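I am opening a notebook on a structure that is new to me. I want to look up its core, its pocket and a few single residues, and to write down what I find.

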Amino acid sequence: MLTFEEIVEKAKNFSKTVTKEDFLEFYGYYKQATVGDCNIEEPEDEEQKARYNAWKSKAGLTLEDAKAHYIEVYKKYAAKYE
């Protein structure tokens, strides 16, 4: 079984461009898994705000749970983007 870090690298190397909505799903779990609960102020920029909201929506998940969810998201989208 691949580790979280190996899955992250595989996701970074998808051959097809990930949609914004799918990217935000990955992003929220990634930030929660690597940083923990959102610790920044809400940005003004719309793109940054979308990332902020994706991360903030995962608040309360443990690092291990967030990693497990990220891996599940990868499994869900792998066939679509490889």
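The entries below go from the core to the pocket, then to one helix and three single residues.

**Ground rules.** I note that this is a predicted model, in which local features need pLDDT of at least 70 and side-chain atom pairs count only at pLDDT 80 or more, while totals for chains, interfaces and linings use all residues. Residues are numbered from 1 along each chain as its sequence is written, and side-chain values use heavy atoms, with hydrogens and water left out.

**Core.** I looked up the largest nonpolar core, a core being a set of buried Ala, Val, Leu, Ile, Met, Phe, Trp, Tyr and Cys residues joined through side-chain atoms within 4.5 Å; buried means under 20% relative accessible area, exposed over 50%, and partly exposed in between, with a 1.4 Å probe and protein chains only. This core has 16 residues, and those touching the most other members are F4, A11, F14, F26, Y70 and Y74. At least two residues each come from α1 (4-12), α2 and α4 (63-81), and α4 gives the most, with eight residues. Helices here are DSSP runs of H or I with at least four residues, numbered from the N terminus. I add as background that in soluble globular proteins nonpolar side chains tend to be buried together.

Which residues does Y70 contact, leaving aside its neighbours within four places in sequence? I find F4, I7, V8, A11, F26, Y29 and Y30, where contact means heavy atoms within 4.5 Å.

**Pocket.** I then turned to the largest pocket, in which about 200 Å³ of space lies, a volume being the space filled by probe spheres set on grid points that are joined across faces, edges and corners. A pocket is an open set of points, on a 1 Å grid over the protein atoms alone, where a 1.4 Å probe fits, with protein on both sides within 12 Å along at least five of seven lines, and lining residues have an atom within 4 Å of a point. Its lining includes V8, A11, K12, F14 and Y70. Nine of the lining residues are nonpolar, none is polar and one is charged. To this lining α2 gives the most, with four residues.

**Helix α3.** In α3 (residues 46-56), I find A50, Y52, A54 and W55 buried, and what covers the buried residues of this helix includes α2 (20-34). At the start of α3, a side-chain oxygen of D45 reaches to within 3.2 Å of the backbone nitrogen of E47.

**D22.** This residue lies in helix α2. Is D22 buried or exposed? With a relative accessible area of 3%, D22 counts as buried. The side chain of D22 makes a polar contact (a pair of N or O atoms within 3.5 Å, one able to donate a hydrogen and the other to accept it) with the side chain of Y77, at 3.1 Å.

**K58.** I located K58 in the loop between α3 and α4, and K58 is buried because its relative accessible area is 15%. Not counting residues up to four places away in sequence, K58 touches G28, Y29 and Q32.

**C38.** This residue sits in the loop between α2 and α3 and is buried, at 16% relative accessibility. The C-alpha atoms of C38 and K56, 18 residues apart along the chain, are separated by 5.3 Å.

Key:
Ala, Val, Leu, Ile, Met, Phe, Trp, Tyr, Cys and Pro count as nonpolar, Asp, Glu, Lys and Arg as charged, and the others, Gly among them, as polar.
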